[in-house]
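Colleague: I am still learning how to read a model like this one, and I would be grateful for a close look at a single part of it. Please take your time and then set that part beside the rest of the chain.

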Amino acid sequence: MLLSVSNLSKAFSEKVVLKNASFHINETDKAAITGINGAGKSTLLRMIIGEISPDEGTVVFSHDATYGYLSQQHTVNGTRTLWEEVATVKQDIFDMRDQLRSMEDRMPLVSGQELSRLMEQYHTLTHRYELCNGYACESEITGVLCGLSFSEADFHKPVAQFSGGQKTRIALAKILLQKPDLILLDEPTNHLDIPSIQFLENFIRNFKGAVLLISHDRYFLDRTMTKIIEIDNHEVTVYTGNYTEYAAKREQVRIARWNAYANQQRVIRHQEEVIEKLRSFHREKSIRRAESREKMLAKMEVLEKPVEISHQMKLNLTPHILSGNDVLSVRGLTKSYGSHSLFQDADIEIKRGEHVALIGDNGTGKTTLFKIINELVTADAGTIRLGTNVVIGYYDQEHQVLTEDNTLFEEISDAYPDLSNTEIRNILAAFLFTNDDVFKRVSELSGGEQGRLCLAKLMLSECNFLMLDEPTNHLDMDSKEILEHALNQYRGTCFYISHDRYFVNRTASRILELSDGTFREYLGNYDYYLEKKQERLNALAGNPTEGSAGAGKKNSVSASEHAPMSEGARDWKASKEEQARLRKLENEVKKTEARIEELEAENKSLLAEMSRPEIATNSVELQKLAALHERNEAELNALYEKWEQLQ
């Protein structure tokens, strides 16, 4: 056992956070702490590492166990370069390397016993250096940095020049390279793009030590975790398995708790009715029996009513006006910042009712595209056309649509002055803002709370085209599930950016991948995207000319991804488009064949005419008919070639 947590309790003033929390982490466990925002997940991690003292209980590490901790408020040295900062965790290995080189320099200068001693020391240190994987140390650092989406050009930049999210990745890289017995991570995927998350998944799966982390990324938890530690209503419950297995078991536990609570409430009501009936008899014996039952009832440990967070927040996103079938048409869109090109000559089409997810690495231009569509940023070239009656509801991941000095109540009432006080309170309650919470200032809210407030305003707007930039960031799992359900029921059109693969998998009917300035389309959810992308990469690896042949084509959504969908009829729209394309080809074939028959008949007549004696001896008429025949032959040759291409 690497870590033992026993009967841990913590309260801040009168607010209870944890009660008698107990669990253990073995040497190879991969465990996640889950729970709603504010449940005490980060507090539990901080008690484990000793940043906060528990009110009761103990935290015990095994002898000589080491750990690395990534918090949400990490620090890195801004004066060093990226490479220098990350290499500090391998300083002992670099010191050994320098010592070995120093020994190598001394060897030609000594002899006899001194040389023998030096050689013995050199051999011992070399063995230690090899055990520490010293010869591959620099390659290991490069691999981790590149895996976390840093380029080699970034290696020599000062840490101070990087963004907050990039500094989080630097801190994470240091912990991964440190390879302690236990890695402790607080929301490690928040600032990672999908390739970086996939790298972290592979690292954790192959890591020989233990991992204990907090994450709301359910796809990530499914692929990495073997144990889930849930904090619910101040209590800790441990489940074996990944997130999907935990969710199924949790539902069983939830039903059992509700049944136990309901059964106990029935018993209590029945006993109270019996007591009341016994007292109504006004007889000494019956009164004594009533008192006896009251004592038994008083000793009963009453079960707390299970908290159903997921049923408190109800989203009902209903378009007020039906838009036209063509919702968004982007043609020839180009955007660059200096010499850095985001996308060039891009085309995008979105139809009514589609749920389209835009995915891609950080910095590829996804948010910029959304800001261009919403006229917050100007494109270098291209046109954007919204369809008839399209009303955009834009959710900005930076929550720029909120006024920090407003209270929550004022934020809603200012935007929708026709709402009554009761209606405003009901809306806020639906998003988990109750009682005095409605009088908090926007500036006092956490990122997740600001996200919920933005979603509340979006719901009231009754828009018919939702544009959501990372809507699940800072939402707890219950809130994500509610948002998923709402979007799946939504009858309008939705275009969103997300790195939450579980969310994309459950809500998207089409995926646009932005990579290397190109938008590529996949007609399906995230699992389908992974499958088809791998097939495409395999095809490119087997036929390198395919990639070069397409390099010069216009940067529009690729039609090559549509063909597999028509075969399986997995998407109605793609199937209809394929049928229309085939009908068009068939019509073109028929027209070509009819023209060929017409020209062949005409040429047959021309040859018969030219063979007549009176024409054969008339050079002028013969030349005229021969020229007409030659012209027909040229058109026929072109038509035969076209017919072959159509076939």
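Modeller: Let us begin with one pair of strands, bearing in mind that this is a predicted model. Strand 3 (residues 30-34) and strand 8 (residues 227-232) run parallel to each other and are paired over four bridges. Within this pair, Ile33 has Ile229 of strand 8 as its bridge partner. As background, strands of a sheet pair through backbone hydrogen bonds, in either a parallel or an antiparallel sense.

The pair belongs to an open sheet of six strands, whose order is 5-6-7-3-8-9 and whose pairing is mixed. At the edges lie strand 5 (67-70) and strand 9 (235-240), each of which pairs on one side only. Going from one strand to the next, the twist averages 15°.

A second set of parallel strands can be followed around strand 16 (residues 493-497). Strand 12 (residues 355-360) runs parallel to strand 16 and is joined to it by four bridges, and in this pairing His355 stands opposite Cys494. Strand 15 (residues 465-469) also runs parallel to strand 16, here with five bridges, and Phe465 has Thr493 as its bridge partner. Strand 16 is mostly covered, since five of its five residues are buried. Its side chains can be sorted by direction: Thr493, Phe495 and Ile497 point one way, while Cys494 and Tyr496 point the other way, and all of them are buried.

If you follow the chain on from strand 12, you come to the loop between that strand and helix 11 (366-373), which is where Asn362 sits. Asn362 has a relative accessible area of 35%, and it is therefore classed as partly exposed. Leaving aside residues up to four places away in sequence, Asn362 touches His191, Leu192, Asp193 and His499. One of these, Leu192, is 170 residues away along the chain, yet its C-alpha atom is separated from that of Asn362 by 7.8 Å.

The helices can be read in a similar way, for two packed helices are described by the angle between their axes and the distance between the axes. Helix 3 (residues 91-106) and helix 5 (residues 137-147) pack at an angle of about 150°, with 11 Å between their axes, and they are therefore roughly antiparallel to each other. The crossing of helix 3 with helix 5 is left-handed. Ile93, Phe94 and Arg97 of helix 3 make the contact with Cys137, Glu138 and Ile141 of helix 5, and by class this contact holds four nonpolar, no polar and two charged residues.

For another pair, take helix 12 (residues 408-415) and helix 14 (residues 447-461), whose axes come within 11 Å and cross at roughly 25°. That angle makes helix 12 roughly parallel to helix 14, and their crossing is right-handed. Here Leu408, Glu411, Ile412 and Ala415 of helix 12 meet Leu453, Lys457 and Leu460 of helix 14, a contact with five nonpolar, no polar and two charged residues.

Finally, these parts can be placed within the whole protein, which has 22 helices and 18 strands. Of its 647 residues, 44% are buried. Among the contacts with a separation of 6 or more, 69% are between residues 24 or more positions apart.

Technical notes. Residues are numbered from 1 along each chain as its sequence is written. This is a predicted model: local features need pLDDT of at least 70, side-chain atom pairs count only at pLDDT 80 or more; totals for chains, interfaces and linings use all residues. Side-chain values use heavy atoms; hydrogens and water are left out. Axes are lines fitted to C-alpha atoms, for helices over the stretch in contact, and angles run from 0 to 180 degrees between N-to-C directions. Helices (H or I, at least four residues) and strands (E, at least two) are DSSP runs, numbered from the N terminus. Angles under 35 degrees count as roughly parallel, over 145 as roughly antiparallel, 65 to 115 as roughly perpendicular and the rest as oblique. A crossing is left-handed if the near helix is turned anticlockwise from the far one by less than a right angle, and right-handed if clockwise. Contact means heavy atoms within 4.5 Å. Ala, Val, Leu, Ile, Met, Phe, Trp, Tyr, Cys and Pro count as nonpolar, Asp, Glu, Lys and Arg as charged, and the others, Gly among them, as polar. Two strands pair if DSSP finds at least two bridges between them. Buried means under 20% relative accessible area, exposed over 50%, partly exposed in between (1.4 Å probe, protein chains only).
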